[in-house]
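Biologist: I am new to this structure and would love a close look at one part of it. Could you take me through the place where the two chains meet, and then point out a few spots beyond it?

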2 protein chains.
Amino acid sequence: MPKFAQRMQDMENTAVIIRGLFNAMGDPETISFGGGAPAKEGLPVDIVREICADVLTEEKRGQEALQYGAVLGVADLRQAVCDVLLAPKGLSPSPDEILIVNGGLETMNLLCQVFIDPGDVILVESPTFVHCVEIFEMFQAKCIAVECDDQGLVMEDVERKIKEYHPKFVYVIPTFQNPTGKTLPVDRRKRLAELGSQYDVIILEDDPYQELRYSGEALPPIKCFDKTGHTVYANSFSKIFSPGSRLGFVYTKKEWIARLFDAKTATNSHTSTFAQVICAEFFKRGYFPEHLEKIRAIHRERRDAMMAAIDKYLPEGTKRVFPDGGLFTWVELPGNIDTTALLKEANENHVHYIAGEGFFTEGGGKGKNCMRISFGNVTPEQIDVGMKRLGDLIRSKL
Amino acid sequence: MPKFAQRMQDMENTAVIIRGLFNAMGDPETISFGGGAPAKEGLPVDIVREICADVLTEEKRGQEALQYGAVLGVADLRQAVCDVLLAPKGLSPSPDEILIVNGGLETMNLLCQVFIDPGDVILVESPTFVHCVEIFEMFQAKCIAVECDDQGLVMEDVERKIKEYHPKFVYVIPTFQNPTGKTLPVDRRKRLAELGSQYDVIILEDDPYQELRYSGEALPPIKCFDKTGHTVYANSFSKIFSPGSRLGFVYTKKEWIARLFDAKTATNSHTSTFAQVICAEFFKRGYFPEHLEKIRAIHRERRDAMMAAIDKYLPEGTKRVFPDGGLFTWVELPGNIDTTALLKEANENHVHYIAGEGFFTEGGGKGKNCMRISFGNVTPEQIDVGMKRLGDLIRSKL
């Protein structure tokens with residue numbers, strides 16, 4: 001049979017991990033701290049029902065929602081991105097600098113189409129979001145891990161590796177990072193934007209969790225410190241509206257939007273008009289602030305329940321990140337526990353997490369005793385039961 | 001600033017054409033025979049309203065529609081593809097052999113990710129669908145045109161060029177082809193499937209118009225004659241349900257679905273759950289047969305109006321295809337009319353078409369006196385007015 005493209009082999013190791021992430025979603029008896037889904041109880045089902053009824057009652061609007069649309073996205077949604085999501089953060093793009101994509105991850109795919117030739121280097125955090133690594137590897141980029149401390153990327157190592165590897169991108173999730181839940185402080189954000197400008201490197205700022213803050217002060221995006229257009233700001237509607245709508249956006253300068261336009265037409269023409277019209281209306285009707293308070297409250301309670309459960313059930317010597325927001329915490333176990341090896345037994349005990357090792361592109365056994373724990377789509381009761389199961393299992397191995 | 005990937009340069013010539021296609025969509029005074037949109041009057045606005053109301057009233061179903069979903073797609077929709085769309089054509093896949101994508105074109109993108117290395121050859125029709133050429137060129141494939149006659153691909157030339165170029169794919173739109181409206185006869189379909197098997201080449205059958213038949217007998221897809229799995233069947237819900245939902249599917253063997261799964265996760269994770277749930281319900285509730293009759297009637301009337309208008313307004317010596325279905329006809333003008341040069345003046349006269357030249361990958365001025373005329377999203381009255389405008393302009397140049 002015809003042979004596969006070389007890129008399929010280059011992405012195979014990471015694709016194995018991603019397949020595992022998706023395949024584990026099945027068993028209904030399992031309490032899952034894997035995945036990255038937000039609370040289903042926070043999804044705006046009633047609001048979407050109301051909007052659908054209205055939009056689809058006006059014939060012209062209904063037809064527009066079901067017909068082909070603009071490549072860059074529905075104008076009302078791009079305007080809402082500018083007015084409702086970006087202006088309060090001190091960012092003031094024009095709607096022409098916004099492209100609507102089919103879920104936040106698609107931005108990374110399209111940016112790779114535009115910028116990445118095989119062999120190009122992308123600097124990533126250590127650990128980093130493995131799903132994006134799969135994208136980068138599909139484009140045959142070489143991912144190089146940058147040292148991280150308790151606050152995220154270490155700027156000296158970023159600069160050193162920029163000089164050494166001449167990367168195309170520095171990929172960073174600055175706020176409530178995936179997988180660790182850590183947040184990059186303001187001074188480092190500013191410095192990272194400067195490094196992009198100074199060394200002509202694209203800072204790819206992926207910020208999908210940033211609205212889900214439960215404690216502490218909101219920080220400005222890296223993009224706020226960008227004076228040369230080297231920082232590209234990517235975000236998603238999955239956590240603040242609905243993952244199933246598959247909507248995200250990217251904000252960058254017009255010259256790059258023009259190229260992303262080409263890559264988008266050659267990927268899937270444009271993002272669902274229907275989903276965009278409904279999402280735009282969600283913002284236009286002013287539902288967002290109240291909805292955000294609601295989902296923050298739901299997830300805050302879960303974050304707190306998770307912190308309490310970790311402290312209660314996991315063995316002494318366990319380290320964990322206290323995340324000020326988002327959906328994840330990062331747990332480092334004491335002793336010689338191998339979380340990859342332990343996962344099968346955990347699944348037999350009907351509890352699931354993501355083993356830490358896969359989030360480290362540098363390999364070498366890093367993260368072997370770590371795990372990413374998601375608290376987004378589990379109730380406080382499930383968190384207590386599931387973490388007890390996990391704690392009992394881990395203690396039995398010490 | 002960081003330089004673009006090589007592929008952006010390789011796709012530039014075709015990207016210019018695609019940008020033109022999308023940018024021309026704007027002016028409301030223009031009667032457009034460009035684009036490939038179906039009749040807005042045929043979009044199932046009322047059905048979708050009913051389904052949305054029901055799905056979003058049940059809390060659990062509403063949450064499922066708005067949450068992350070399976071990479072391969074919503075199970076009910078994959079089942080509907082098998083039962084409602086493929087079984088009546090003599091195809092009997094299992095749902096595991098179906099992947100739901102974000103609009104029909106995404107299949108070509110994902111198949112390129114899986115199979116195309118830079119420099120690989122793809123055989124295409126002459127003329128062919130320029131939007132797919134853009135995709136192929138983004139993947140740095142080399143498109144080689146195969147000779148076509150009044151019935152489409154000439155099998156002798158397909159075989160000759162397979163032997164000469166060892167292509168990865170033969171890309172073909174066998175039914176109511178884009179841009180010509182021609183349909184490949186049964187004997188050639190059978191032969192094409194055999195050639196794929198014999199020479200180990202993927203026959204990429206793109207069949208989005210096939211349900212929209214207004215006259216003549218339905219023909220079996222090429223896939224029906226495939227004994228080795230070399231034919232991949234791609235289709236879209238854009239023409240039979242709604243373009244704005246951005247839904248399509250691909251049917252191929254499980255080993256290739258497994259690779260498409262990887263490419264899909266590294267493109268945009270999965271297709272909108274919300275859109276899929278609604279579309280699945282459209283089929284489950286049995287709306288499809290009646291809806292299909294309705295949209296066939298609408299488009300049949302427009303096809304007939306277009307044929308009459310061409311015969312009435314275009315000058316003697318004009319050749320046109322009588323399409324038994326779909327959305328397009330192909331017009332060849334007499335004399336030395338250059339349709340690319342004429343387009344600006346046509347737009348000033350508030351009528352739009354797509355110039356023929358861009359659909360020929362081989363260049364050399366082929367198609368210079370041709371145009372693709374779409375009759376999908378224009379009323380019979382608009383067809384009459386618009387074709388008179390166009391005919392007057394053309395006659396003034398002879």
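Modeller: Happy to; here is a walk through the interface, followed by some salt bridges and one buried residue. Please keep in mind that this is a predicted model.

Let us begin with the contact as a whole. Chain A brings 82 residues to it, and chain B brings 82 residues as well. Together the two chains bury about 7100 Å², and 59% of that area is on carbon and sulfur atoms. Three residues of chain A stand out here: Met1(A), Leu66(A) and Tyr68(A) supply 10% of the area that chain A buries against chain B, more than any other three residues.

How do the two copies relate to each other? Chain A can be superposed on chain B by a rotation of 180° with 0.0 Å of shift along the axis, at an RMSD of 0.0 Å. That is the relation of a two-fold axis. The copies meet through the same surface, because 100% of the interface residues of chain A are also interface residues in chain B.

Now for the polar side of the interface. Between chain A and chain B there are 46 residue pairs in polar contact, counting pairs with both residues at pLDDT 80 or more. Several helices of chain A give two or more residues to the side that touches chain B, among them H1 (6–10), H2 (12–23), H6 (105–115) and H10 (254–265). The helix that gives the most is H6(A), with seven residues. By residue type, this side of chain A divides into 39 nonpolar, 26 polar and 17 charged residues.

Charged side chains also pair up across the interface: the count between chain A and chain B is five salt bridges. One of the salt bridges in the model joins the side chains of Arg259(A) and Glu12(B), at 3.5 Å from N to O.

Let us widen the view. Over all chains, the structure holds 69 salt bridges. In chain A, a network of salt bridges links Glu50(A), Asp54(A), Glu58(A), Arg61(A), Glu281(A) and Arg285(A). Within this group, Glu58(A) pairs with Arg61(A), their closest N and O atoms being 3.8 Å apart. Glu58(A) is partly exposed at 41% relative accessibility, and Arg61(A) is partly exposed at 24%.

Chain B has its own examples. Arg320(B) forms a salt bridge with Asp311(B), with the closest N and O atoms 2.7 Å apart. Another salt bridge runs from Asp338(B) to Lys368(B), at 3.7 Å between the closest N and O atoms. Asp338(B) sits in the loop between strand E12 (328–332) and H13, and Lys368(B) in the loop between strands E14 (354–355) and E15 (370–374), so the pair ties together parts that are 30 residues apart in sequence. Asp338(B) is partly exposed, with a relative accessible area of 23%, and Lys368(B) is partly exposed at 35%.

Last comes Thr339(B), which lies in helix H13 (residues 339–348) of chain B. Is Thr339(B) buried or exposed? At 0% relative accessibility, Thr339(B) counts as buried. The side chain of Thr339(B) reaches the backbone oxygen of Cys370(B) at 2.7 Å. Beyond its neighbours within four places in sequence, Thr339(B) is in contact with several residues, including Leu333(B), Tyr353(B), Gly367(B), Lys368(B) and Met371(B). Lys368(B) thus appears twice in this tour, as a contact of Thr339(B) and as the salt-bridge partner of Asp338(B).

Notes. Residues are numbered from 1 along each chain as its sequence is written. Chains are lettered from A and ligands numbered from 1 in the order in which they are written. This is a predicted model: local features need pLDDT of at least 70, side-chain atom pairs count only at pLDDT 80 or more; totals for chains, interfaces and linings use all residues. Side-chain values use heavy atoms; hydrogens and water are left out. Contact means heavy atoms within 4.5 Å. Buried area is the accessible area (1.4 Å probe) that two parts lose on being put together, summed over both. A salt bridge is a side-chain nitrogen of Lys or Arg within 4 Å of a carboxyl oxygen of Asp or Glu. A polar contact is a pair of N or O atoms within 3.5 Å; within protein, one must be able to donate a hydrogen and the other to accept it, and residues adjacent in sequence count only if both atoms are side-chain atoms. Helices (H or I, at least four residues) and strands (E, at least two) are DSSP runs, numbered from the N terminus. Ala, Val, Leu, Ile, Met, Phe, Trp, Tyr, Cys and Pro count as nonpolar, Asp, Glu, Lys and Arg as charged, and the others, Gly among them, as polar. Copies are superposed by least squares on the C-alpha atoms of residues with pLDDT of at least 70 in both. Buried means under 20% relative accessible area, exposed over 50%, partly exposed in between (1.4 Å probe, protein chains only).
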